[in-house]
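This report walks through one structure, from the whole chain down to single residues. Keep the viewer open alongside the text.

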Amino acid sequence: MGVINHLMGFPRLYAFVQNSIARSLHHQVKSSLCRDLPDKTGVDILDIGCGIGDYSVLFKQATYTGLDKDECYIHSATSKYGRPGVTFIAGDATKLSFSSGHFSYCFSVGLYHHLPDDAVVASLQEALRVAGPGRVIVMDAIFPPRGNFPGYLLRRLDRGKFVRTFTAYEQLLRNHFNVQEITAKRGGLLDYIYYRL
Ligand SMILES: C[S@@+](CC[C@H](N)C(=O)[O-])C[C@H]1O[C@@H](n2cnc3c(N)ncnc32)[C@H](O)[C@@H]1O
């Protein structure tokens, strides 16, 4: 696992893996983001755990900010996608440095299976603070239900140490938040949870 972690620290290798194993998943994620987030002037969007910034290309009119703790990814995202209206900053998802209500929407893809429960709750509280109820949209890795062994194996090999079942994830959310929408989906072999707070 240490080797995988190390290799995924290289933005180009990370992009290759994402575009091969997770191609179908990413296609679905992009469709959801296009459906849920209005790309209009005056809309401010925060992408928490933005990685190498690939979702920034979805926003042509809205202002997009990508935040990630990995400075190497932020550097790569800035060189590749940075322009007026699209910015990337290094920061911690559990302590956002923005004022309350600063953003119109927050979204996060594939972040929370890297974080323990208390950090997930802290980060979602921060997302709600900076965007507001109904404006936080998350898609995240989960273990598949029985019968999808390749998908299970891929999730076991994931760098995220906190992959949850749908049931455990839903329980965690319902213990702390007013969940507006929640569902399990599958992209290719990979299962994921979609929710809106
Ligand atoms: C699986 S990647 C997902 C990247 C991107 N959202 C995507 O879907 O392609 C998870 C990202 O979360 C970032 N991350 C992990 N813990 C974080 C934290 N506490 N604060 C901010 N980013 C974090 C990692 O650096 C990594 O870029």
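Among contacts in the protein chain between residues at least 6 apart in sequence, what percentage join residues at least 24 apart? The figure is 61%. The model behind this value is predicted.

**Overall layout**

The protein chain has 7 helices and 7 strands. From the N terminus, the elements run α-α-α-β-β-α-β-β-α-β-α-α-β-β. The chain holds 197 residues, and 36% of them count as buried.

**Helix H3**

Helix H3 covers residues 23-36, 14 residues in total. From first C-alpha to last, H3 reaches 20 Å. That is close to the 20 Å expected at 1.5 Å a residue. Leu25, Val29 and Leu33 are buried in H3. Viewed down the axis of H3, its buried residues fall within an arc of 70°, so they line one face of the helix. An α-helix has 3.6 residues a turn, so residues three or four places apart point the same way.

The face of H3 turned away from the buried side looks quite unlike this in its residue list: Arg23, His27, Ser31 and Arg35 sit there, and they are exposed. What covers the buried residues of H3? The cover includes strand E4 (105-109), strand E5 (136-141), strand E6 (181-187) and strand E7 (190-196).

**The nonpolar core**

The largest nonpolar core has 48 residues. Those with the most contacts inside it are Ile45, Leu46, Tyr105, Cys106, Phe107, Ala131 and Val136. Take Leu46. Setting aside residues up to four places away in sequence, Leu46 touches Thr65, Leu67, Phe103, Cys106, Val130 and Ala131. Leu46 also has a partner in space 20 residues along the chain: the C-alpha atoms of Leu46 and Gly66 are separated by 6.0 Å.

**Three buried residues**

Gly66 lies in strand E2, which spans residues 63-68. Pro144 sits in the loop between E5 and helix H6 (149-157). Tyr112 is placed in the loop between E4 and helix H5 (117-131). Why does Tyr112 count as buried? Tyr112 has 29 other C-beta atoms within 10 Å, and 20 or more make a residue buried. Gly66 is buried too, with 26 such atoms within 10 Å, and Pro144 is buried with 21.

The table pairs each of these residues with a residue far along the chain.

| Residue | Paired residue | Separation in sequence | C-alpha to C-alpha |
|---|---|---|---|
| Gly66 | Leu46 | 20 residues | 6.0 Å |
| Pro144 | Phe166 | 22 residues | 8.1 Å |
| Tyr112 | Ile142 | 30 residues | 10.0 Å |

Contacts fill in the picture, again leaving aside neighbours within four places in sequence. Gly66 is in contact with Asp47, Cys50, Gly53, Ser56, Ala77 and Phe88. Pro144 touches Gly151, Tyr152 and Asp191. Tyr112 is in contact with Val120, Val138 and Asp140.

**Around the ligand**

Which residues come nearest to the ligand? Of the 16 residues around it, they are Gly49, Gly51, Ala93, Val109 and Gly110. The shell divides into 5 nonpolar, 6 polar and 5 charged residues. Val109 also falls within the range of strand E4 (105-109), one of the strands that cover the buried residues of H3.

Methods
Residues are numbered from 1 along each chain as its sequence is written. This is a predicted model: local features need pLDDT of at least 70, side-chain atom pairs count only at pLDDT 80 or more; totals for chains, interfaces and linings use all residues. A residue is near a molecule or strand if its C-beta atom, placed from the backbone, lies within 6 Å of it. Ala, Val, Leu, Ile, Met, Phe, Trp, Tyr, Cys and Pro count as nonpolar, Asp, Glu, Lys and Arg as charged, and the others, Gly among them, as polar. Helices (H or I, at least four residues) and strands (E, at least two) are DSSP runs, numbered from the N terminus. The expected span of a helix is 1.5 Å times one less than its number of residues. A residue is buried if 20 or more other C-beta atoms lie within 10 Å of its own, exposed if 12 or fewer, and partly exposed in between; C-beta atoms are placed from the backbone. The arc is that of the directions from the helix axis to the C-beta atoms. Two residues are in contact if their C-beta atoms, placed from the backbone, lie within 7 Å. A nonpolar core is a set of buried Ala, Val, Leu, Ile, Met, Phe, Trp, Tyr and Cys residues joined through C-beta atoms within 7 Å.
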